[in-house]
Amino acid sequence: MERIDTLLSASWVIPVEPAGQVLAEHAIAVHRGRILAVLPSSEAHDRYAADNDRHLAGHVLLPGLVNAHTHAAMSLFRGMADDLPLEEWLKDHIWPAEQRWVSDTLVRDGTRLACAEMLRGGVTCFNDMYFYPDEAGKAASECGMRATIGLIVVDFPTVWAGDADEYLAKGTQVHDRFRDDPLIRTAFAPHAPYSVSDAPFARVRTLADELDIPVHIHVHETASEVADSVRDHGERPLARLDRLGLLNHRLVAVHMVHLEEAEIERLAQCAASVVHCPESNLKLGNGFCPTEQLRDAGINLALGTDGAASNNDLDLHGEMRTAALLAKGVTGNAVTVNPNIAAQTRKPVVPPDAYLKCHDWNGHTHQDRKN
Ligand SMILES: [Zn+2]
């Protein structure tokens, strides 16, 4: 008999691999934070003696979900300025509120509240973007959650930093601080093409290469964002990011509501990942990401709730349901986003250097580099 920390047996176990299987009366053997085996419960009790041996009758055990786009601390801004379009919501309400209220304490408390909500809903990992990322990372780690903490960059001064240099300097310090934390990774998080100018983007590109971390950004969220970029820069936001060298396997592009066919091809070619946030897009009246076309192109597609202020919850099960129903309604095809078909015919593309443990449509997760 092998002595281990934990043996969890359940009426059903849904593993990451093999995909699409439900194992009846199985057990998971865990030792020192790692899964040693997934095996029939009857065999498990012959093979392992566990300090913590639990049988979960009538339960399903499944991998933790990954919320691939959050502003966790904004759980404290839930319900603020509902029913407004993005630009007005952001510029007239959220940014002024952040200027007035955001502090290290608010981020710590807000992130802890978000972690509690996400853990209750089966989320064990999230990809965050907010001010005071050091506080967000600390809160996630203390809650036992894995997180990729966004090192935020915007052009304008905030309570976190005064200019691009300071955002980047503080960001790299935060990266160093979590270097040895087994639960926390970092990504650069330039807020959006409309809030970050070319020079900081160029530095983000260089630093992301040097530190070997992803770049997490809102892109093509609204029609006006695209039109304004054409007016101000003579090119669409995605083309601008491409010109600045940011379209590559590091890119985690959030929203991607307004896309042309050539842009989808380019995203697939450069192995970028896209995060679909259907409820945020619906709440702010922005439209919807063409998920079927992205999946057909083989693009790695993940799901996120966005911040609680633009959702108004952090429920990834609800997000899955909305994503499925929305795709069926938009395409007029009830078969679309059918997990069974997806399991048989599609394998999401995972960039070789992917750090994020992304959630795919089958409820399975792709292993990240940290494990
Ligand atoms: Zn967002």
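Two strands are taken to pair where DSSP finds at least two bridges between them. In this predicted model, strand E1 (residues 2-13) and strand E4 run parallel and are joined by 10 bridges, with Leu7 standing opposite Asp53 in E4. A further pairing is antiparallel, 6 bridges joining strand E2 (residues 23-31) to strand E3 (residues 34-40). Within that pairing His31 is placed opposite Arg34 in E3, and the two strands E2 and E3 form a hairpin with 2 residues between them, where Arg32 in the turn adopts a positive phi of about 50 degrees.

These strands belong to an open sheet of 4 strands, in which the order is E3-E2-E1-E4 and the pairing is mixed. The edges are occupied by E3 and by strand E4 (48-61), each of which has a single partner strand, so that one side of each is left without a neighbour in the sheet. From one strand to the next, the twist averages 20 degrees.

The zinc ion is bound by the protein donors His69 (NE2), His71 (NE2), His218 (NE2) and Asp306 (OD), which lie 2.1 to 2.2 Å from the ion. In sequence, the donor residues follow the spacing H-x1-H-x146-H-x87-D. The angles among the 4 donor atoms range from 87 to 171 degrees, and the site is irregular. Because a residue counts as buried when its relative accessible area is under 20%, both of the following donors fall in that class: His69 is buried, with a relative accessible area of 0%, and His71 is buried, with a value of 8%.

Ala302, found in strand E12 (residues 300-303), is likewise buried, its relative accessible area being 3%. Although Ala302 and His69 are 233 residues apart in sequence, their C-alpha atoms are 8.8 Å apart in space.

In soluble globular proteins, nonpolar side chains tend to be buried together. The largest nonpolar core of the model comprises 75 residues, and those with the most contacts inside this core are Trp89, Phe188, Met256, Leu267 and Leu294. Apart from this core lies another, of 9 residues, among them Ile4, Leu39, Tyr48 and Ala50. When residues up to four places away in sequence are not counted, the residues touched by Phe188 include Leu151, Leu168, Thr172 and Val204, and also Leu207, Ala208, Leu211, Ile213, Pro214, Val215 and His216.

Definitions and conventions:
Residues are numbered from 1 along each chain as its sequence is written. This is a predicted model: local features need pLDDT of at least 70, side-chain atom pairs count only at pLDDT 80 or more; totals for chains, interfaces and linings use all residues. Side-chain values use heavy atoms; hydrogens and water are left out. A nonpolar core is a set of buried Ala, Val, Leu, Ile, Met, Phe, Trp, Tyr and Cys residues joined through side-chain atoms within 4.5 Å. Buried means under 20% relative accessible area, exposed over 50%, partly exposed in between (1.4 Å probe, protein chains only). Contact means heavy atoms within 4.5 Å. Donors are N, O and S atoms within 2.8 Å of the metal (3.2 Å for Na, K and Ca); water is not among the atoms, so sites may look incomplete. Four donors count as tetrahedral if all angles lie between 85 and 135 degrees; four count as square planar and six as octahedral if opposite donors are over 155 degrees apart and all others between 65 and 115; anything else is irregular. Axes are lines fitted to C-alpha atoms, for helices over the stretch in contact, and angles run from 0 to 180 degrees between N-to-C directions.
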